[in-house]
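Good morning, colleagues. I should like to take you through one model today, beginning with the surroundings of a ligand.

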Amino acid sequence: MQLTRLRTLVPFTLAVCLGTTAVLTGENREAGADPVAAADATDPVAQDAAQTCVECHTERTPGIVADWEVSAHAAEGIGCDSCHGDEHTSADDVDEVFTVTAATCKLCHEQRYEEFARSKHAFAWAAMKAMPTTHFKPMELIDGMKGCGGCHKLGLKDGEEIARLKAEGSGYGFASCDACHTRHSFSIAEAREPEACATCHMGFDHPQWEMYSTSKHGIRHTLKRQGVLPASAQAPTCQTCHMPDGNHDVHTAWGFLAVRTDGLAPYPGESDEWWADRVTILQALGVLDPEGQPTARLDVVQGAQVARLSAAEFDAEREKMVGVCTDCHSQQYAEAELAKGDNMIREVDALLAKAIRIVAGLYADGILEKPEEYAYAFPDLLAFHDSPTPIENRLFLMHLKHRMRAFQGAFHNNPDYALWYGWNEMQLDLTEIESMAAELRSDHAQDD
Ligand code: HEC
Ligand code: HEC
Ligand code: HEC
Ligand code: HEC
Ligand code: HEC
Ligand code: HEC
Ligand code: HEC
Ligand code: HEC
């Protein structure tokens with residue numbers, strides 16, 4: 001996997017650092033996708049071209065020009081051609097427009113780019129692509145960026161991937177950086193508000209927006225904006241906790257799937273029971289085979305950082321988070337609250353592992369048959385809703401919808417999500433799965 005393969009870029013010129021106009025031209029464009037260097041701002045031809053873009057586009061796309069006009073870019077003389085190049089100048093040569101990628105932004109914002117490129121966000125496209133379920137869905141939802149791809153498009157894509165997407169008809173969605181400060185205002189104020197995260201961090205399997213906005217933290221933020229609480233009132237946003245000091249390297253200790261190991265050994269200090277449950281979950285994720293041996297999927301998971309496989313890395317992220325809480329709370333308070341989140345994961349793992357073993361037992365006893373696309377006669381949580389039986393679809397819901405809500409609700413201080421939408425739903429799932437399994441066994445016995 002070439003997730004972090006970054007294209008070699010000619011260092012940007014000093015003129016750009018100083019905030020003068022820069023233009024991308026054909027000479028400094030490399031291999032289609034990434035504009036490479038910025039030319040001298042004082043070039044009269046370049047200034048001419050910038051003028052023409054705005055003039056014609058005031059007619060053609062007035063909304064885009066209006067947004068650009070209020071941007072820091074317009075104020076600093078960064079014109080349309082600074083990002084889109086100057087090779088297209090009329091309705092007849094629109095194909096000559098340069099593709100804007102995060103590497104374009106890097107020309108002038110290197111530090112933020114480097115942070116982003118290390119972040120979990122940078123892996124979003126690759127992590128989505130690695131899921132077996134993406135092969136069974138309409139193209140519009142994946143490469144067309146209307147479903148999975150609509151959120152995961154913020155991940156970095158290399159030149160080859162962009163060329164493939166364009167050839168197959170997906171012409172936009174390559175810039176990554178416009179996910180939080182949207183074009184063409186590229187506003188820092190917009191990116192600082194929790195709404196900037198809401199389009200993606202909501203809904204089915206990661207309702208962080210719903211959980212946060214109705215938590216005490218979120219409510220205080222709302223009341224502060226409404227002027228009910230004074231402007232000095234303390235109210236953390238998503239960015240306070242996940243992008244301290246504006247750091248674009250977004251990572252958490254547990255991550256989405258909330259499975260951790262230390263290499264192939266348990267995370268230090270965990271009970272044997274929890275480890276046994278984790279092994280069962282890793283088997284259902286297809287990362288360990290039914291005998292407990294690592295599979296090819298482990299490489300994928302490692303490559304896109306889908307699981308936490310190092311205690312040292314986990315501890316470093318946790319320490320960072322405690323550092324954020326202690327701006328407002330005592331260290332004891334913060335550590336105790338986070339430990340409750342960890343313990344919640346242990347509790348939900350026990351329920352989930354029990355359900356997985358029930359379904360795995362149906363495969364082992366020949367009551368469920370191995371689907372052709374499965375590697376093993378074992379439930380596959382990453383098949384999502386494309387799993388072939390109702391009992392496995394229920395297991396999928398238990399994992400991706402309800403387990404997520406239970407522990408995410410605990411970390412985001414939302415009692416209703418942790419309890420009713422999370423833990424309680426998991427208990428209902430388990431009861432249903434037990435009952436469905438009994439029925440399948442009894443039908444199977446009658447058939448014999
Ligand atoms: C004489 C008019 C004219 C000039 C000058 C002009 N454009 Fe355009 N531009 C257009 C038209 C027409 C389109 C196609 C609009 C559409 O699809 O509705 C377009 C489309 C675009 C697009 C979108 C391409 C896409 O794939 O959707 C970008 C970006 C763009 N122009 C940037 C620029 C830049 C940068 C300049 C200056 C270097 C410039 N334009 C100069 C008329 C112009
Ligand atoms: C700071 C970089 C930057 C500048 C400056 C910039 N653009 Fe863009 N533009 C982008 C990005 C990023 C996209 C989205 C590309 C994608 O989705 O792959 C985009 C997309 C577009 C599109 C196609 C998408 C749409 O919504 O129709 C048009 C048209 C366009 N820009 C016109 C302009 C014009 C006109 C100007 C100058 C007034 C301008 N841009 C200045 C970065 C920039
Ligand atoms: C040719 C240089 C150049 C390019 C390319 C460029 N920027 Fe900028 N950008 C600037 C300058 C100059 C400023 C104003 C000074 C500053 O804040 O750094 C700025 C400011 C910003 C700001 C702060 C806005 C505010 O409200 O203060 C954001 C956000 C931003 N750029 C995002 C982007 C993104 C995203 C891209 C790529 C799509 C991009 N820039 C491409 C030069 C550039
Ligand atoms: C365009 C969609 C999108 C937006 C906007 C977005 N994210 Fe994300 N975020 C994602 C995706 C997709 C992932 C999973 C990344 C992966 O698959 O590697 C993710 C992952 C994360 C993670 C988990 C990191 C980990 O350890 O696994 C955090 C924390 C996060 N985002 C915070 C934020 C914050 C805070 C904002 C707003 C400032 C934000 N995101 C805006 C799509 C988005
Ligand atoms: C997950 C949301 C998110 C994404 C994605 C994102 N940014 Fe930002 N960006 C922010 C936030 C939040 C701030 C405000 C930071 C602060 O409070 O100082 C910001 C601020 C900025 C600024 C303003 C000046 C500064 O350095 O703080 C620039 C420039 C910038 N981002 C560039 C980029 C570039 C380039 C990319 C892509 C490589 C990018 N951003 C992707 C959320 C994001
Ligand atoms: C008060 C701090 C705080 C705020 C505010 C906050 N989070 Fe979190 N978030 C956490 C903690 C703590 C974790 C668990 C970290 C760990 O694994 O140690 C977490 C975990 C996450 C994760 C990983 C999966 C999960 O939910 O456990 C994502 C994604 C995320 N947060 C996104 C967001 C978004 C988006 C917002 C705003 C809508 C937000 N967070 C608001 C503290 C916060
Ligand atoms: C509404 C936006 C959205 C949609 C639609 C979406 N995702 Fe995600 N996805 C996210 C966010 C946000 C995260 C990170 C959540 C967290 O950490 O709690 C994520 C996490 C993931 C992860 C885990 C990444 C990791 O390494 O931790 C995978 C894999 C994934 N999504 C695949 C998919 C697939 C496949 C689809 C379509 C079937 C899909 N997503 C649909 C936003 C979305
Ligand atoms: C910017 C300040 C700030 C930060 C940072 C912050 N909090 Fe808070 N927190 C508050 C305020 C203010 C309240 C509401 C008053 C209160 O209950 O103390 C609150 C309330 C809480 C509550 C009680 C929620 C309820 O429903 O009663 C918990 C639990 C909590 N915070 C945990 C955390 C954790 C864990 C972190 C770090 C991941 C964190 N906070 C980060 C300011 C902050």
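Let me first fix the residue classes: Ala, Val, Leu, Ile, Met, Phe, Trp, Tyr, Cys and Pro count as nonpolar, Asp, Glu, Lys and Arg as charged, and the others, Gly among them, as polar. The model is predicted, so that local features need pLDDT of at least 70 and side-chain atom pairs count only at pLDDT 80 or more, while totals for chains, interfaces and linings use all residues. Residues are numbered from 1 along each chain as its sequence is written, and chains are lettered from A and ligands numbered from 1 in the order in which they are written.

Around ligand 1 there are 17 residues, of which Cys53, Cys56, Cys80, His84 and Ala91 come nearest; a residue is near a molecule if its C-beta atom, placed from the backbone, lies within 6 Å of it. Two or more residues of this shell come from each of helix H2 (44-60) and helix H5 (80-84). H2 gives the largest share, six residues. Helices here are DSSP runs (H or I, at least four residues), as are strands (E, at least two), numbered from the N terminus. By class, the shell of ligand 1 holds seven nonpolar, seven polar and three charged residues.

Ligand 3 is surrounded by 23 residues, the closest being Ala72, Cys105, Cys108, Cys177 and Ile188. Helix H4 (72-75), H5 and helix H6 (102-106) each give two or more residues to this shell. Its classes are 14 nonpolar, seven polar and two charged.

Finally, the protein chain as a whole has 21 helices and two strands.
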